[in-house]
Amino acid sequence: MPNQKTIDEISRLEELSRALQPDSLKRNEWLREISIYADAFLNKLENLKAFNQEDLNGREFSKNRVSDNPTSMHDALAFYDQQVMGHGLNPASGYHFGYIPGGGIVHSAYGDYIADVTNLYAGVYFAGPGAVRLENMLIRWLCDLAGYPENTSGGYLSSGGSIATLTAIVAARDHADISIGDLSKSVIYLTRQAHHSILKSLHISGLDDLIMRQIPMDQSFRMRPGELEKQILADINNDLKPFMIIATAGTTDIGAIDPLNHIGDIAAQHSCWFHVDAAYGGFFLLCDEIKHKMQGIEKADSIVIDPHKGLFLPYGSGALIVRNIQTLLHSFRQEANYLQDTTRKTHEISPSDLSPELSRPFRGLRMWLPLAILGVSPFKAALEEKILLARYFQEKVTGEIPGMEVGPNPELSIALFRYIPSQGDPDHFNRLLLDAIHKDGRVFFSSTSLNNHMYIRLAVVNFRTHLKHVDTAISLLKEKIHELEK
Ligand SMILES: *Cc1c(COP(=O)(O)O)cnc(C)c1O
């Protein structure tokens with residue numbers, strides 16, 4: 001029999017821990033405060049800076065640790081706003097043209113809210129059949145977009161492109177059955193434009209020591225399939241083993257699409273794993289014109305697509321799809337005694353059998369809810385709009401700013417440009433120009449190096465970016481160039 005002292009102690013602890021279960025009145029009060037805060041942010045967003053260089057944020061976090069002095073929701077939000085918001089990059093801004101801007105559609109936040117409140121477990125079919133089926137349906141949609149076969153393909157929703165890439169590379173490694181002894185004879189083929197997450201993934205999966213061939217590119221920074229083939233044949237001749245070809249459908253630097261169809265044929269011919277990094281470019285498959293340019297993507301063994309880029313979801317949404325789901329199961333399905341109830345025979349595949357994750361957030365809801373209440377059309381329209389905006393920018397800056405030199409015509413929604421000043425070193429001038437734009441902060445660009453020259457980049461990916469924002473960016477460029485040329 002438990003004694004009374006134990007029961008009293010349990011009651012005391014229950015009273016304290018009840019704070020974790022606010023009642024309906026409290027919940028509604030807090031929800032209202034959260035909603036007012038978020039709404040005020042969205043209402044003023046258009047007038048906020050895209051970038052604020054000053055490093056003033058988060059000071060209090062380096063002084064104070066988590067404490068046991070609870071504050072009100074109102075004060076907590078005010079503190080958050082003061083310490084976290086307003087400095088650095090403003091990724092929600094329509095004036096954010098740097099890197100690959102993410103999304104943050106509010107509909108996904110509603111999905112996350114419900115996913116978090118219900119805390120459904122979407123790792124294993126047995127535990128969350130509806131949640132897993134919802135995610136698998138979204139994966140099916142991505143497989144259809146890519147043109148994958150219905151009966152063998154599959155994949156999972158990841159936290160982002162990097163983790164999806166890691167998952168793909170581990171599957172490719174296991175599929176080729178590469179052992180440590182084989183490493184120095186196995187060859188991977190890519191271009192200099194491949195994303196650095198691939199190098200990270202190779203490192204994590206123990207493949208640092210394999211041979212890496214950087215295949216030459218054409219003038220638009222796309223892999224030359226002829227050069228790829230030549231290199232593979234030379235390697236075979238030298239008793240090496242071609243292992244994997246990595247192509248990109250939308251490079252981060254300039255949005256170039258490698259000739260996937262041709263590369264896919266070469267991969268098949270030499271039994272190489274063919275991976276397509278479509279983290280940025282993948283959702284442009286919704287646009288007929290681009291679908292055509294990405295022909296051959298269906299030949300890939302694995303494809304990475306980021307819903308937090310091209311589907312405008314908040315950060316934390318990537319996806320990996322593979323042509324043959326057995327390859328992922330081979331690498332990631334594990335059994336554990338304590339999970340013995342969960343592995344009863346079912347036709348539905350569980351995300352936890354396809355990736356390193358076991359417990360994972362229910363990522364499907366933030367992706368499904370927006371699609372359910374909006375349909376696909378607004379997403380497709382937004383992507384087509386972004387492509388046209390990048391072309392519009394390129395045409396307008398060349399037409400209106402004498403001395404402006406642009407990169408290759410945008411294949412997707414990224415344009416590169418640099419200003420050639422009346423005198424002096426162009427690289428130095430463009431560095432000063434970008435510094436001046438960063439200091440101003442109304443618009444954010446990032447830069448890159450192409451053919452050893454500094455280029456400023458305009459990446460139109462944010463769903464809030466429209467004609468007005470691109471026009472403002474051009475006006476600001478004119479203004480800063482004028483100031484610097486004085
Ligand atoms: C963004 C990006 C990645 C990395 O994806 P994360 O979601 O940032 O981890 C990989 N490849 C390309 C081409 C990208 O644009």
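In the predicted model, helix H2 (24-44) and helix H5 (106-118) each contribute at least two residues to a nonpolar patch. This surface patch covers about 440 Å² and is formed by Leu 31, Ile 34, Tyr 113, Ile 114 and Val 117. Helix H5 provides the largest share of the patch, namely three residues. Val 117 lies in helix H5, and its relative accessibility of 57% places Val 117 in the exposed class, because that class begins over 50%.

The ligand site was examined next. The shell around the ligand comprises 14 residues, of which Gly 161, Ser 162, Asp 277, Asp 306 and Lys 309 come nearest. By residue class, the shell divides into three nonpolar, eight polar and three charged members. Three side chains place an N or O atom at 2.6 Å from a ligand atom. For Ser 162, the partner is an oxygen atom of the ligand, at a distance of 2.6 Å from an N or O atom of the side chain. For Asp 277, a side-chain N or O atom lies 2.6 Å from a nitrogen atom of the ligand. For Asp 306, the ligand atom is an oxygen, again with 2.6 Å to an N or O atom of the side chain. The ligand taken alone exposes 380 Å², and 85% of that area is buried by the protein. Two or more shell residues are given by each of helix H7 (161-176) and helix H12 (307-310).

Helix H7 also contains Ala 176. With a relative accessibility of 36%, Ala 176 is classed as partly exposed, because this value falls between the limits of 20% for buried and 50% for exposed residues. The C-alpha atoms of Ala 176 and Ser 186 are 9.8 Å apart in space, with a sequence separation of ten residues.

Charged pairs form a further part of the description. Side chains of opposite charge can pair when their charged atoms come close. Across the whole structure, a search finds 32 salt bridges. One of them joins Glu 135 to Arg 360, with 2.8 Å between the closest N and O atoms. This pair links distant parts of the chain, 225 residues apart: Glu 135 belongs to helix H6 (residues 129-146), whereas Arg 360 lies in the loop between helix H13 (325-332) and helix H14 (364-374). Glu 135 is buried, at a relative accessible area of 1%, and Arg 360, at 7%, is likewise counted as buried. Both assignments follow because the buried class comprises residues under 20% relative accessible area.

A salt bridge between Asp 235 and Arg 213 has its closest N and O atoms 2.9 Å apart. Here too, distant parts of the chain are linked: Asp 235 is in helix H9 (residues 225-237) and Arg 213 is in strand E5 (residues 211-214), with their positions 22 residues apart in sequence. Asp 235 is buried, with a relative accessible area of 1%, whereas Arg 213 is partly exposed, with 23%. In the salt bridge between Arg 173 and Asp 174, the closest N and O atoms are 3.0 Å apart. Beyond such pairs, salt bridges link Asp 440, Arg 442, Glu 479, Lys 480 and Glu 483 in a network.

Definitions and conventions
Residues are numbered from 1 along each chain as its sequence is written. This is a predicted model: local features need pLDDT of at least 70, side-chain atom pairs count only at pLDDT 80 or more; totals for chains, interfaces and linings use all residues. Side-chain values use heavy atoms; hydrogens and water are left out. A residue is near a molecule or strand if one of its heavy atoms lies within 4 Å of it. A polar contact is a pair of N or O atoms within 3.5 Å; within protein, one must be able to donate a hydrogen and the other to accept it, and residues adjacent in sequence count only if both atoms are side-chain atoms. Accessible areas come from the Shrake-Rupley method with a 1.4 Å probe; for residues, only the protein chains shown count as cover. Helices (H or I, at least four residues) and strands (E, at least two) are DSSP runs, numbered from the N terminus. Ala, Val, Leu, Ile, Met, Phe, Trp, Tyr, Cys and Pro count as nonpolar, Asp, Glu, Lys and Arg as charged, and the others, Gly among them, as polar. Patches are made of residues with over 30% relative accessible area and no salt bridge: like charges are joined within 9 Å, nonpolar side chains (Val, Leu, Ile, Met, Phe, Trp, Tyr) within 5 Å. A salt bridge is a side-chain nitrogen of Lys or Arg within 4 Å of a carboxyl oxygen of Asp or Glu. Buried means under 20% relative accessible area, exposed over 50%, partly exposed in between (1.4 Å probe, protein chains only).
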